[in-house]
Structure formats: structure tokens, C-alpha cells
Amino acid sequence: MELDEHVRGDNMTLKKIDDGIFWVGVNDWPLRDFHGLSVNGGSYNSYLLLGEKNILIDTVYEKYKEDLKKNIEEIIPINDLDFILLLHSENDHSSSLPFILQNAPKVKILCTKKCANFIKKLYQIPEEKINIIKDGDTIKFEDFSIKIYETPMVHWPDTTFAFIPEKQILFSTDFLGTQVVAEPLIIEDVSKIIEESRDYYTFLMRAYWEQALKGVDKVKELSPNIVAPSHGPILKGNAVKDMLSYYKKWCLNPETKKAIVAYVSMWKGTEKIAELLSEGLSKEDIPVKVIDLANTPFSEALSETLEASAVLLGTPTFVKGIHPLMYAFLTFLEIIKPNCKLGMAFGTYGWAGLGVKELNEKMKEIGIKIICEPLLINMTPDYNEKQEIIEKAKEIAKIIKNSF
Ligand code: FEO
């Protein structure tokens, strides 16, 4: 059978990455919410390596287990599988394991001890089905070898890289991946997916940015020509180099002379303040992004915030405190470590301005450096207050400029 981009009966094509290496993953076209991350489709990448032993690298989300089986069986009978090399145990990559084991009884799972502990608990996989691998191991086959690198907390404790030196291909699990459909499957230019990649990084990797940076160094050391992640397109050539540069930038978080004005508004009073702050900052040549948190994915708002040097956050007083949506945003913001950004709280109130005061305290708690008193407006800004808000924004612009 010709296996190179061979047109299948159902008009799908086999996805060859290299001689004897195929993508047998699944595109999740309807996916819109990936455990909190807003997406427009996604993929669960699984790879089939043919040789002296046939190896499946990772499985797919259980919902698509039949598709995975079908994709494998386009190439080999599923019973011909020898091993599943599981690089990470999170459900989107592991939850088809029981199904595959049921259909391919001789299969053994190769995974690290940490990964084994997770899958034993998740799926009651018996000990005898698992062969433990560890950092520095080389799994040798007649045709090629797979080097194992444990990269703990480059996302999860069990995150593991697998590298085939003979082919310069690195399987990197979630690292350097993007939750988009893997179409096209292989890219050499990351520009079309980079915003989604950034949001994916922010949501999944940012909390452990120091480890992610070590991951960048590890990939640079291995210098692969192809990086095959567990979500989204496979990166090749310049796409590998460029994605590594972006990751480094996102990890080190160099702040730009840019302000974020993120708000929640119930009756447009807080929204009006946000717009006026933006107007004042823009007049002083500070690039500003206004974000309505009710209509912007948190992952996008968080990524934008990471890039800014100043964060102005607005809430109305909701009953007697911060609006719950702003509360949720602050929870995420704390997780991604805003690193002493300059900030100010603003907002409106009806009869007790408690929300903005509480917001001011919360911002301090999560490490934002408060640069001026909270801006608190009753109901909605009147003519005089509008001028005052613009003047306040100009003052803030000067502080931002002086911070560089
Ligand atoms: Fe895509 Fe951490 O799983």
C-alpha cells in the first residue's frame, strides 16, 4: 500500500510526517471551550511509528476513540500495535487508553513513573501493562531510537519529551502546541496561529513559566527540525525556531509601553470610565487596549495583560463588592503572575463604593503596584468628571513613561 498522502476511501488522506511516522490524531472541529480556554476547534494529536515495533505516541480524547482506531487501522491492524508511548497523562491524551488496550491486548504502555501513577488511578490500568521509562533512557529499535526527557512541570509533573535523533523529530506533548485544528498538518510559518499559541501558553504554561523556559532550553539543545506537539499543527524548520522565540518572550515577559484597561460594566458607567481612561492615555501616546471582560475570552485578556506595563481594572459595585466576573478574572490573573505591573482600580457605585475599594486591595494582594488612589464615580461620569478622568489618564501615562 502506498502510504504517502494516499487518498483514502472517505476522502481523508493519510498523514505522513516522515518515513514510517504518521499522524493518526483527530481534529475536534466543534470544540469551543477547552476546559476554560476559548478556542475555535482543536486537535488531539496521536502519532504512529512503524518499525520493528509499532508504537503509538499518545492517544486522543475518549470521545474520539473510534476515530483513533479507524485512523490506525488505515495503516496497520490495531492488533499489530506493540506499545503506546504515553508522554502525558491528562485526559485529552490518555482517555482512549482503556479502549485501545481492549482492542489490542498485547499492547504495553511505556511511560514515566509519575504518568503511571496518574493512569493507574484514572483508568485502573494494571501494573503488568506498564513498562516504566525514565529521564535519559533510550528506547532502541532496529530502525531508530527514542530518547526520553522528563520535563516536570513544563505544564504537568509527568510532561515528557520524546526525541528521535535519527530523524530530528521531537514529540513535545502540550509544549509548543496550539489548541487549533491541525490543518494544515505541518507548518513552517507560525504567524497564522501565533495568537492562539500565545493564549494556549498563557492558559496552560504561564503559571510555571520558569519550567517552560527550561523546556525552551531543552528543545534548543536538541535542535529538532520537526516538533510534533499534542495539539495543533506540527512545526517544521523556521516554525520551530520562531515558536521557541515566542515562548522565550512570553516566559520572560518583557513589558511593553502599553496599558490594559479591562472592565466589567452593568449599565455602561464603568465602561464609560474605561473609554475615557483610554482616551487620555492615547493622547499621551501610550498604546492602550480596552477589554470588556464580559465579551472577551479570559485567555486573550490575560495574554494582553502579560504584555502590558500598566493594568487598569474596573468594576461596578455589585451588591457590596467586586463584580463576580472581575473576581474570576483576578483569580486567573493571580495564577499567571502579573509581576509587579503598575495598576489602578476604577469603577462606579450607587450607594456604597465598596467594589472599587475591594478591587484596589485585591490588586495589591496579587502583586500589582498601585500607582494612584482608586477612581470612584457615582453612577456614571458627568461632564466635570469626564474631564477629570482624562486628566487622571494623562498623569498615569507620565508614570508609565517614567517607568521605562
Ligand atoms: Fe493537552 Fe495537558 O493535555
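## Contacts and overall architecture

A contact is a pair of residues with heavy atoms within 4.5 Å. In this predicted model, 71% of the contacts in the protein chain with a separation of 6 or more are made by residues 24 or more positions apart. The secondary structure of the protein chain consists of twelve helices and 26 strands. Along the principal axes, the C-alpha atoms fill a box of roughly 80 × 40 × 40 Å.

The protein chain has 404 residues, 57% of which are buried. Its accessible surface comes to about 17300 Å², and carbon and sulfur atoms account for 51% of that area. The charged side chains number 48 positive and 59 negative. The centres of these two sets are separated by 4 Å.

## Salt bridges between helices

The structure holds 22 salt bridges. One of them pairs Glu 307 with Arg 198, with 3.4 Å between the closest N and O atoms. Glu 307 belongs to helix α9 (residues 298-307) and Arg 198 to helix α5 (residues 194-204), so this pair ties together parts that are 109 residues apart in sequence. Arg 198 is buried, at 8% relative accessibility.

Both partners also belong to a network of salt bridges, in which Arg 198, Asp 199, Lys 258, Lys 289, Glu 304 and Glu 307 are linked.

## Salt bridges within helices

Two further salt bridges each lie within a single helix. In helix α8, Lys 272 and Glu 275 are three residues apart, a separation of about one helical turn. Their side chains meet with an N to O distance of 3.6 Å. Lys 272 is partly exposed at 29% relative accessibility, and Glu 275 is likewise partly exposed, at 38%.

Helix α11 (residues 354-365) contains Lys 364 and Glu 361, again three residues apart and separated by about one helical turn. The N to O distance in this salt bridge is 3.3 Å. Lys 364 counts as partly exposed at 44% relative accessibility, as does Glu 361 at 40%.

## Backbone geometry in loops

Most residues other than glycine have a negative phi, and most peptide bonds are trans. Several loop positions in the model depart from these patterns, as set out below.

A cis peptide bond joins Glu 183 and Pro 184, with omega at about 0°. Pro 184 is placed in the loop between β15 (169-173) and β16 (186-187). Met 153 has a positive phi, near 65°, and is found in the loop between β13 (145-150) and β14 (160-164). With a relative accessibility of 22%, Met 153 is partly exposed. Asp 285 also has a positive phi near 65°; this residue is in the loop between α8 and β20 (288-292). Asp 285 is exposed, its relative accessible area being 62%.

## A nonpolar surface patch

Met 266, Trp 267, Phe 318 and Val 319 together make a nonpolar surface patch of about 510 Å². Met 266 is situated in the loop between β19 (256-263) and α8 (269-283). The relative accessible area of Met 266 is 37%, which places this residue in the partly exposed class. Because residues in such patches must have over 30% relative accessible area, the value of 37% for Met 266 satisfies that requirement.

## The surroundings of Trp 23

Trp 23 lies in strand β2 (residues 21-23). This residue is buried, with a relative accessible area of 8%. Leaving aside residues up to four places away in sequence, Trp 23 touches Lys 15, Ile 17, Tyr 44, Asn 45, Ser 46, Tyr 47, Ala 182 and Leu 185. Two of these neighbours, Ala 182 and Leu 185, flank the residues of the cis peptide bond, Glu 183 and Pro 184.

A second position serves to place Trp 23 within the chain: Lys 147 is 124 residues away in sequence. The C-alpha atoms of Trp 23 and Lys 147 are 19 Å apart in space.

Terms used
Residues numbered from 1 in each chain as written. Predicted model: local features only at pLDDT ≥ 70, side-chain atom pairs only at ≥ 80, totals over all residues. Heavy atoms only, no water. Patch = residues over 30% accessible without salt bridge, like charges linked within 9 Å, V, L, I, M, F, W, Y side chains within 5 Å. Areas by Shrake-Rupley, 256 points an atom, 1.4 Å probe, with all protein chains shown as cover. Salt bridge = Lys/Arg side-chain N within 4 Å of Asp/Glu carboxyl O. Helix = DSSP H or I, 4+ residues; strand = E, 2+ residues; numbered from the N terminus. Buried < 20%, exposed > 50% of the residue type's maximum accessible area, 1.4 Å probe, protein only. Lys, Arg positive; Asp, Glu negative; His and termini not counted. Charge placed at Lys NZ, Arg CZ, Asp CG, Glu CD.
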